[in-house]
Amino acid sequence: MCGIVGYAGARPALQIVVDGLRRLEYRGYDSAGVAVLTETELLIAKRAGKLANLDRALAEDADGRIAAGSVGIGHTRWATHGGPTDRNAHPHLSQDGRVAVIHNGIIENFASLRTQLEAEGIEFASDTDTECVAHLLAAELRTISNTSGPAALAEAMRRVCRRLEGAFTLLAIDKEAPGAVVGARRNSPLVVGVGDGESFLASDVSAFIAHTRDALELGQDQVVLITPEGVEITDFDGKPVEAKPYHVDWDARAAEKGGHDWFMQKEIEEQPQAVADTLRGRVGTTGNILLDEVRLTDQDLRDVDKIFVVACGTAYHAGLVAKYAIEHWTRIPCEVELASEFRYRDPVLDRSTLVIAISQSGETMDTLMALRHAKEQKARVLAICNTNGSTIPRESDAVLYTHGGPEIAVASTKAFLTQLAACYLVGLHLAQVRGIKYADEVASVVEQLRSMPDAIEKVLASMDGVRELARELSSQNTLLFIGRHVGYPVALEGALKLKELAYMHAEGFAAGELKHGPIALIDQGTPVVCVVPSPAGRGVLHDKIVSNIQEVRARGARTIVIAEEDDEAVVPYADHLIRVPRTPTLLAPFVTTVPLQVLACEMATARGHDVDQPRNLAKSVTVE
Ligand code: F6R
């Protein structure tokens, strides 16, 4: 939420910062702005609305002075304090015009800080919490006399951060500190890019991946100063800190649309590769499953007597699917909880509880807070995450990275399938460590998992009918989804995609629950998407959903049935049939989810929406 970029080097900063913002726009698109330091001036430009509005403003800038600076910061906003207007757009300036600041997060004590500053005669130019920081920095800079330039700016930032409460990533530039950008982070993402004679700061590496793939992880409560000469990191008290370097294993092309209209289409197409990459190299020489970072012993895992999966949105749905496999393979009770609710109901957690936190971004605040709550209660935490070096894996006892590559569309697609693959590997690992499954049994499930990329490829090759159907259905007001067993979370996921992209009423139900109320929603012609399990798996499951399809059809529903290629039993009850390849019951979501992603993407397109940047949303939700 909110994208942040900073650059210090020898090249013109403006273009680098604006290009970085373009790659971060998925994090928020309520406004965009930049501030640049030239040899003599601090210049800013900002506009409400998408980045295109800022582009236009910059293009109309007659004298082009702003293009000259070689130090710059940029921000793309998802509004929290203050509406999405020009005046609330970042950067914010101190009253004396000396300092410009951008911010991601929420400064929780901003009201008292603002009152103090106003009492001191400061007049605020915006309704944001961020503006306080600009005024506080300027005030601190006036009091620092023993240092000057970049060092003074870093010291001022440390002093200000010690007064702030809440979550923040902050970047600032100062007219009196040429060549430098200072950054700080607490509970909000910030990574450092290390180039040749230039340095970068950003919410994530995609902002600078075109310039360098060498990055540094920043820890909690740290201040970083970048200049063309290098990077200096300290904690908030000024103690030097050694940052962990890492190399990004994908390049700039991975973060481009590659000929597609939407990132979402590209990411749907990338799913076979993303799942294959997540599974690659996971089986060790003795047939054991390999996680990425494990700070837990096998005995810790053998002691686990309860599992909680915590996650939000699509990642939560991945957890709901995984529960079926984890319980089936490990025989450990597994609960799946919305991360935003978890800590408020005082869950029973102890040393023998394993909490699995699933997050594509690794920065979702609700999930992070659930994780921290679990750790306070001494539970063990295992993260499933797509973003190297992000906060959730850093704070976990063990990590399995999904190797999905960058996901830029706000709606999660490849993250979901790779999270499923990762959860299944974790389930197999636990079963193996606890002696419930032998290496050959694990190997046979891994083989089935490895056949999923081909199966997904087959589904993708047969989506023309779904695209046509999407256009036909695009004028509907409501769409319902039903499923049983692992098909139930798939139904929830199908409905979520449609809500967030097509802005229409869509709901997912456990098919057996319909008769307890929701069946009253069915009217003549109501489209109902039915996710049908394999007839070859648990026959009873299949028969039951066929009955449910008949029930809705008898009440006028138009049925859209997703079923295996040789499932003839559904044919008489399907107004529209979507075929998927035969898969083992537990793995069916790898193929049944894909048509629902395509359906939502196409329906949103047909309704004229921006698929990659749906209204009111942003990716990587770093506020609670
Ligand atoms: C929906 C979607 C969101 C995310 C959720 C969690 O398409 O993308 O529901 O799944 O915000 O995000 P991560 O996985 O980054 O924690």
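The domain assignment splits the protein chain into domain 1 (3–249), domain 2 (259–450) and domain 3 (460–606). These bounds come from an automatic or database domain assignment. Between the C-alpha centres of domain 1 and domain 3 the distance is 46 Å.

The model is predicted: local features need pLDDT of at least 70 and side-chain atom pairs count only at pLDDT 80 or more, while totals for chains, interfaces and linings use all residues. Residues are numbered from 1 along each chain as its sequence is written, and side-chain values use heavy atoms, with hydrogens and water left out.

**Strands and sheets**

Helices (H or I, at least four residues) and strands (E, at least two) are DSSP runs, numbered from the N terminus. Two strands pair if DSSP finds at least two bridges between them.

An open sheet holds 6 strands in the order E15-E20-E19-E18-E16-E17, and its pairing is mixed. Its edges are strand E15 (293–294) and strand E17 (334–338); each has a single partner strand, so one side of each is left without a neighbour in the sheet. Strand E16 (residues 306–311) and strand E18 (residues 353–359) run parallel, joined by 5 bridges. Within that pairing, Ile307 has Leu354 of E18 as its bridge partner.

E9 and E10 pair in the antiparallel sense, over 4 bridges. Val192 is matched there with Leu201 in E10 as its bridge partner. The hairpin of E9 and E10 has 4 residues between the strands, and Gly197 takes a positive phi near 75° in this hairpin. E9 also runs antiparallel to strand E11 (residues 214–217), with 3 bridges joining the two. Here the bridge partner of Gly193 is Ala215, in E11.

**Salt bridges**

The whole structure contains 40 salt bridges. The criterion is a side-chain nitrogen of Lys or Arg within 4 Å of a carboxyl oxygen of Asp or Glu. Burial is graded by relative accessible area: buried means under 20%, exposed over 50%, and partly exposed in between (1.4 Å probe, protein chains only).

Three of the pairs are described here.

| Pair | Closest N to O distance |
|---|---|
| Glu198 and Arg11 | 2.9 Å |
| Asp610 and Lys50 | 2.6 Å |
| Glu155 and Arg158 | 3.2 Å |

Glu198 and Arg11 meet through their side chains in a salt bridge. Glu198 sits in the loop between strand E9 (191–194) and strand E10 (199–202), and Arg11 in the loop between strand E1 (3–8) and helix H1 (13–24), so the pair ties together parts that are 187 residues apart in sequence. Glu198 counts as buried, at 10% relative accessibility. Arg11 counts as partly exposed, at 36%.

Asp610 and Lys50 also form a salt bridge. Asp610 lies in the segment after H19, and Lys50 lies in the loop between strand E3 (42–48) and helix H2 (51–60), so this pair ties together parts that are 560 residues apart in sequence. Asp610 is partly exposed at 25% relative accessibility. Lys50 is partly exposed too, with a relative accessible area of 28%.

The salt bridge of Glu155 and Arg158 lies within one helix. Both residues belong to helix H5 (residues 149–163) and are 3 residues apart, about one turn of the helix. Both are buried. Salt bridges that share partners join Glu140, Glu155, Arg158 and Arg159 into one network.

**Ligand site**

The ligand is surrounded by 13 residues, counted when a heavy atom lies within 4 Å of it. The closest are Ser359, Gln360, Ser361, Thr364 and Glu500. Gln360 places a backbone N or O atom 2.6 Å from an oxygen atom of the ligand. Ser361 has a polar side-chain atom 2.7 Å from a ligand oxygen atom. For Ser412, a backbone N or O atom lies 2.9 Å from an oxygen atom of the ligand.

**Helices H15 and H19**

Ile456 lies in helix H15 (residues 452–460). At 0% relative accessibility, Ile456 counts as buried. Ile456 and Gln271 are 185 residues apart in sequence, yet 7.3 Å apart in space, C-alpha to C-alpha.

Helix H19 (residues 589–606) has 18 residues. From first C-alpha to last, H19 reaches 26 Å, close to the 26 Å expected at 1.5 Å a residue. That expected span is 1.5 Å times one less than the number of residues. In H19, 16 of the 18 residues are buried, so the helix is largely enclosed by the rest of the structure. Gly608 follows H19 and has a positive phi, near 80°.

Conventions
A polar contact is a pair of N or O atoms within 3.5 Å; within protein, one must be able to donate a hydrogen and the other to accept it, and residues adjacent in sequence count only if both atoms are side-chain atoms.
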